[in-house]
Amino acid sequence: MVKSFLISAFILLCSIVLESSILSNISFFYVVPDFALICLLYFSLLNGKTFGELYGFASGLFLDFITGIPFGFNCLLRTIIGYICGFFSEIIIISGVIIPILTVGIGTIAKAILIQLISLFFPNISIYVPSIISYQFLYEFLINIALSPFVFKFLDLFKNKLSIKDVKDLVDNV
C-alpha cells in the first residue's frame, strides 16, 4: 500500500514538473494540459476516496511548492476533486475511451468551478481565475479530454503497481 502510494506520488510529481516547468515554457502552447489532474482522477478511480484525497493533497502540495500560488490553494482544490472522484471508484470501471473522457471532462469543469469558489478565500492575493466561458478554459477542456484516454491507457500499464487492491481483485473486475 505504501509502495503504490509512493509510486503514484512520484508519477504525480513527474507530471507536475512536466506541465509547470517544461510545457509552460513552450511558446506555441496556448494552454498547458493538466496532466496532474488526469493522473489524480485515474488514481482516485482506481483506489477510492481515501486515497483520492491523499493523492489530491500530495499533488496540490507539489503544485503549491513548484508554482507561485499561495500555499494551500491547490491542496484544498485537489483534495476535494480527489475525494469526489474516489467516491465513484466502486461504480465506474476505468476502461475504454468514453469513461476517461467523461471523467476528465467533468473533473476539468469541477476544477474551474472550485477555483472560482476557493479564490473567494484568498481575496488579497491576485490569482488568475479563468472564467468557464472563455477560450482558455475551452482549450484546456479540449486538450484534457483529448489526452485522457492516452494517459489512462499509459497508467493502465502500471495498474498492478498503482493499485492498493489485490491483483486478483483487479483481474476479477475486468
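Contact here means heavy atoms within 4.5 Å. In this predicted model, 73% of the contacts between residues at least 6 apart in sequence join residues at least 24 apart. The chain has eight helices and zero strands, and its elements run α-α-α-α-α-α-α-α from the N terminus on. Of the 174 residues in the chain, 44% are buried.

**Helices 5 and 6**

The table sets out the spans of two helices.

| Helix | Residues | Number of residues | End-to-end C-alpha distance | Expected span |
|---|---|---|---|---|
| Helix 5 | 98-118 | 21 residues | 30 Å | 30 Å |
| Helix 6 | 135-156 | 22 residues | 31 Å | 32 Å |

For helix 5, the distance between the end C-alpha atoms agrees with the span expected at 1.5 Å a residue. For helix 6, the reach from first to last C-alpha is close to the expected value. Helix 6 nevertheless bends by about 40 degrees at Ser 148, and a proline, Pro 149, follows within four residues. Both Ser 148 and Pro 149 are among the buried residues of helix 6, which also include Phe 137, Glu 140, Asn 144 and Ile 145. Further along helix 6, Val 151, Phe 152 and Leu 155 are buried as well. The partners of these buried residues are helix 1 (2-22), helix 2, helix 5 and helix 7 (159-162).

The buried residues of helix 5 include Pro 100, Gly 105, Ala 112, Leu 114, Ile 115 and Ile 118. Those of helix 5 pack against helix 2, helix 4 (73-86) and helix 6.

**Packing of helix 2 on helix 5**

Two packed helices are described by the angle between their axes and the distance between the axes. Helix 2 (residues 35-47) packs with helix 5 at an angle of about 115 degrees, and their axes lie 10 Å apart. The crossing is right-handed. Helix 2 contributes Leu 37, Ile 38, Leu 41 and Leu 45 to the contact, while helix 5 contributes Thr 103, Val 104, Gly 107, Thr 108 and Lys 111. By class, this contact has five nonpolar, three polar and one charged residues. The helix 5 residues Thr 103, Val 104, Gly 107, Thr 108 and Lys 111 are buried.

**The loop between helices 5 and 6**

Ile 132 lies in the loop between helix 5 and helix 6. Its relative accessible area is 33%, so Ile 132 is partly exposed, given that this class lies between 20% and 50%. Apart from neighbours within four places in sequence, Ile 132 is in contact with Ala 112, Ile 113 and Phe 137. Of these, Ala 112 is a buried residue of helix 5 and Phe 137 a buried residue of helix 6. The C-alpha atom of Ile 132 is separated by 9.2 Å from that of Gln 116, 16 residues apart along the chain.

Conventions: Residues numbered from 1 in each chain as written. Predicted model: local features only at pLDDT ≥ 70, side-chain atom pairs only at ≥ 80, totals over all residues. Heavy atoms only, no water. Axes fitted to C-alpha atoms, helices over the stretch in contact; angles between N-to-C directions. Helix = DSSP H or I, 4+ residues; strand = E, 2+ residues; numbered from the N terminus. Left-handed = near helix turned anticlockwise from the far one by under 90°. Nonpolar A, V, L, I, M, F, W, Y, C, P; charged D, E, K, R; others polar. Expected span 1.5 Å × (residues − 1). Bend = angle between axes of the 7 residues up to and from the residue. Buried < 20%, exposed > 50% of the residue type's maximum accessible area, 1.4 Å probe, protein only.
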